[in-house]
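Here are my notes on this one, jotted down as I went through it. Have the viewer open and follow along point by point.

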Amino acid sequence: MKNLLIIDASPRGERSITRTFTKLFGTKWMESNPDSTIHHREVGQEVIPHVTELWISAAFKPAELRTEDEINVLKTSDKYIAELKAADVIVLGTPMYNWSIPSALKAYLDQVIRANETVKMRPDDPTNPYRGLLKDKKVYLLISRGNAGYEKGEYYEHMNFQTDYLKTVFNVMGLSDIQQIALNGSAFDQQVYEQNKKYVYSKIAEMASNGEITA
Ligand SMILES: Cc1cc2nc3c(=O)[nH]c(=O)nc-3n(C[C@H](O)[C@H](O)[C@H](O)COP(=O)(O)O)c2cc1C
């Protein structure tokens, strides 16, 4: 039995493109793995708490030394991290916002990238100071962007602070088995969008059914 964690980062509901991706992934996954469970983490339409001074003092001290306020301030982070640890497969649907990720997703990542929970800091090894503590999980990044040209070698590659960033943070937490697919041009390039739409949906279905994209 596999546990699938679906994270939706778009603030849009019915009109969201990336929510149609995660929905399709979940449906196809269940067809191929009917004994799986799906857990949904809403990010785009939730108020995700930001890191505060209390949060920092709580997160960077041993659990047994935390005050009641410090225990309480970490509760959301604890919940999100428990969901990540319980997952065998993580599916993240996110739009590009201002060449990066929506701020709610950044707030979520700030809650889950946590010392001694998802990453061990090694100050004695400054050129390689992070040891990821999550293991054996596949990550699928399902992305939508209003413009096009952001892929490697394309004209807007230098404006893409989204995909390498997301891969890096999952790598830092210990996860390197990452598949990614993007549908570009939803706002500015209808030609690219329409050309790629069918392909992207079919590849998402294939990823969910087979576990990976085949050429
Ligand atoms: C606030 C905001 C910022 C955006 N920034 C970018 C951007 O920097 N680059 C881009 O290609 N598209 C950008 N877009 C367009 C979205 O990435 C695009 O519409 C995407 O398909 C939305 O996905 P969703 O329907 O799942 O929310 C932006 C949209 C909004 C609302």
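1. Is Asp136 buried or exposed? Keep in mind that this is a predicted model. Asp136 counts as exposed, because it has 8 C-beta neighbours inside 10 Å and the cut-off for that class is 12 or fewer. You'll find Asp136 in the loop between β5 (130-132) and β6. Have a look at its backbone too: phi is positive, about 55°, although Asp136 is not a glycine.

2. Asn116 is another one to check on the backbone. Its phi is near 70°, again a positive value in a residue other than glycine. Asn116 belongs to the loop that joins α5 to β4 (119-121). With 12 other C-beta atoms within 10 Å, Asn116 is exposed; that count still qualifies, because exposed means 12 or fewer.

3. Now for the inside. Leu142 is part of strand β6 (residues 138-144). Why call Leu142 buried? Because 29 other C-beta atoms lie within 10 Å of Leu142, and 20 or more is what buried requires. Setting aside neighbours within four places in sequence, the contacts of Leu142 include Thr18, Phe21, Thr22 and Phe25. Helix α1 spans residues 17-32, for orientation. Val91, Leu92 and Gly93 are also in contact with Leu142, as are Ile181 and Ile204.

4. Leu142 also turns up in the largest nonpolar core, which has 41 residues. Which members touch the most others there? They are Ile7, Phe25, Ile90, Val91 and Leu142. Two of these names, Phe25 and Val91, are also among the contacts of Leu142. If you want a distance to check in the viewer, the C-alpha atoms of Leu142 and Gln45 are separated by 17 Å, with these positions 97 residues apart along the chain.

5. Helix α4 (residues 75-86) has 12 residues and looks regular in length: first to last C-alpha is 16 Å, close to the 16 Å expected at 1.5 Å a residue. Its buried residues are Ser77, Tyr80 and Ile81. Seen down the axis of α4, these fall within an arc of 100°, so they line one face of the helix. The general rule is that an α-helix has 3.6 residues a turn, so residues three or four places apart point the same way. The buried residues of α4 pack against β2 (37-42) and α5 (103-112). Lys75, Lys79, Ala82 and Ala86 are exposed, on the face of α4 turned away from the buried side.

6. Helix α6 (residues 163-172) can be read in a similar way. Thr163, Leu166 and Phe170 are its buried residues. Down the axis of α6 they fit within an arc of 70°, so they line one face of the helix. The cover over the buried residues of α6 includes β6 and β7 (178-183), while Asp164 and Thr168 are exposed on the other side. Just after α6, Gly174 has a positive phi of about 105°.

7. Last, the ligand. There are 17 residues around it, and Ser10, Thr18, Pro95, Gly146 and Asn147 come nearest. Which element gives the largest share of this shell? Helix α1 does, with 3 residues. By class, the shell has 6 nonpolar, 8 polar and 3 charged residues. Note that Thr18 is also one of the contacts of Leu142.

Conventions:
Residues numbered from 1 in each chain as written. Predicted model: local features only at pLDDT ≥ 70, side-chain atom pairs only at ≥ 80, totals over all residues. Near = placed C-beta within 6 Å. Helix = DSSP H or I, 4+ residues; strand = E, 2+ residues; numbered from the N terminus. Nonpolar A, V, L, I, M, F, W, Y, C, P; charged D, E, K, R; others polar. Expected span 1.5 Å × (residues − 1). Arc of directions from axis to C-beta. Contact = placed C-beta atoms within 7 Å. Core = buried A, V, L, I, M, F, W, Y, C linked by C-beta atoms within 7 Å.
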